[in-house]
Amino acid sequence: MCTRKFGSRFQVPGSGFQVPGSRFQVPVFTRPLDSALRRAGANARVPNLELGTWNFERRKAAGLSLVELIVFIVIVSTAIAGVLGAMNVATRGSTEPMIEKQALAIAEALLEEVQLMPFTYCDPDDANAATAVNAGGCAAAVEAIGPEGVDVPPTGPAETRTGAVRPFDNVNDYHGFSMAGGISDLAGNTIAGLDQYSASVTVAGQAIGAVPASDAQLVIVTVTGPANTTVTLHGYRVRYAPNALP
Ligand SMILES: [Ca+2]
Ligand SMILES: [Ca+2]
């Protein structure tokens, strides 16, 4: 019986089996097969103990060298730095939409406040405000563009947005109105968090198709916020209820 030796320390003396069609004897090792393979070197032809053949080749396990590992770390670090840089830019840019959305919300609220005001021939304080069919029917106070002053009957303080005695009572009263250094509510209280926003309003007659400029008004609300953010909204109001009083 011929016994192939891979080193006498690894072979069980007298053990092994015959390779089919050959006189070759497959040794049986006393140590794990991997240990014998490592000693045999890369691409060593070794016996397949289960199949009894020699057609099994085991490649030497390939790891990473130090240079390969360093190159890998450099590539991954560069990629991560690029991703983080893009995220940083996106994060800084994401504050601008927030300011724009806030400015838009202020502008929408103020435009709605103006458009919900009456649009009458006479100032609602006028005696004939509920019955006049045109400005000539007013007793004394025709509703004119801008807030009515102290000289418009009934005499008293000029109209203001938050006036306790004579608050704005028509769409056109908001013409020229502005809030600087903060946005305030109808009670005159500055709203927390909106102190860096400003707003202004203009109102003017504007014909809309068959509706004459005397019966339609264009309201323009402009809101300015931090970082020179400006939002402008246009809205129309027609005189559909000329005698409706507050
Ligand atoms: Ca008025
Ligand atoms: Ca007015």
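A residue counts as buried if 20 or more other C-beta atoms lie within 10 Å of its own, as exposed if 12 or fewer do, and as partly exposed in between, with C-beta atoms placed from the backbone. The structure is a predicted model, in which local features need pLDDT of at least 70 and side-chain atom pairs count only at pLDDT 80 or more, whereas totals for chains, interfaces and linings use all residues. Residues are numbered from 1 along each chain as its sequence is written, and chains are lettered from A and ligands numbered from 1 in the order in which they are written.

**View 1. Overall arrangement and confidence of the model.**
The protein has 3 helices and 8 strands, where helices (H or I, at least four residues) and strands (E, at least two) are DSSP runs numbered from the N terminus. In sequence order these elements run β-β-α-β-β-α-α-β-β-β-β. Of the 246 residues, 19% are buried. The pLDDT, which is the predictor's confidence in each residue on a scale from 0 to 100, averages 83 over the protein, and 74% of the residues score at least 70. Among the elements, strand β4 (residues 53–58) has the lowest mean pLDDT, 50, and β6 the highest, 98. Over residues 1–10 the pLDDT is below 50, although in the model this stretch has 21 contacts beyond near neighbours in sequence; two residues are in contact if their C-beta atoms, placed from the backbone, lie within 7 Å.

**View 2. Helix α2.**
Helix α2 covers residues 66–93, and its 28 residues should span 40 Å at 1.5 Å a residue, which agrees with the 41 Å that separates its end C-alpha atoms; the expected span is 1.5 Å times one less than the number of residues. Because the number of buried residues among the 28 of α2 is 0, this helix lies largely in the open.

**View 3. The sheet β5-β6-β7-β8.**
Four strands form an open sheet in the order β5-β6-β7-β8 with antiparallel pairing, two strands being taken as paired if DSSP finds at least two bridges between them. The edge strands, β5 and β8, each pair on one side only. Strand β5 (residues 178–179) is joined to β6 by 2 bridges, and here S178 stands opposite S200 of β6. Between β6 and β7 the antiparallel pairing extends over 8 bridges, with A204 and L218 of β7 as one pair of bridge partners.

**View 4. The hairpin of β7 and β8.**
Strands β7 (residues 216–225) and β8 (residues 229–238) pair in the antiparallel sense over 10 bridges. Following this pairing, A216 stands opposite V238, I220 has H234 as its bridge partner, and G225 has T229. The hairpin has 3 residues between its strands, and A227 takes a positive phi near 60° there.

**View 5. The two faces of β7.**
In a regular strand the side chains alternate between the two faces of the sheet. Along β7, the side chains of Q217, V219, V221, V223 and G225 point to one face and these residues are buried, whereas A216, L218, I220, T222 and T224 point to the other face and are not buried.

**View 6. The nonpolar cores and helix α3.**
A nonpolar core is a set of buried Ala, Val, Leu, Ile, Met, Phe, Trp, Tyr and Cys residues joined through C-beta atoms within 7 Å. The largest such core has 20 residues, and those with the most contacts inside it are I106, A107, L110, V114, V221 and V223. Helix α3 (95–115), β6 (198–205) and β7 are the elements that give two or more residues to this core, and the largest share, 6 residues, comes from α3. Apart from this core lies another, of 5 residues, among them Y121, C122, A129 and A132. With neighbours within four places in sequence left aside, I106 is in contact with I183, L194, Y197, A199 and V223. A109 also lies in α3, but A109 is partly exposed, with 14 other C-beta atoms within 10 Å. The C-alpha atoms of A109 and V221 are 9.8 Å apart in space, while the two residues are 112 residues apart in sequence.
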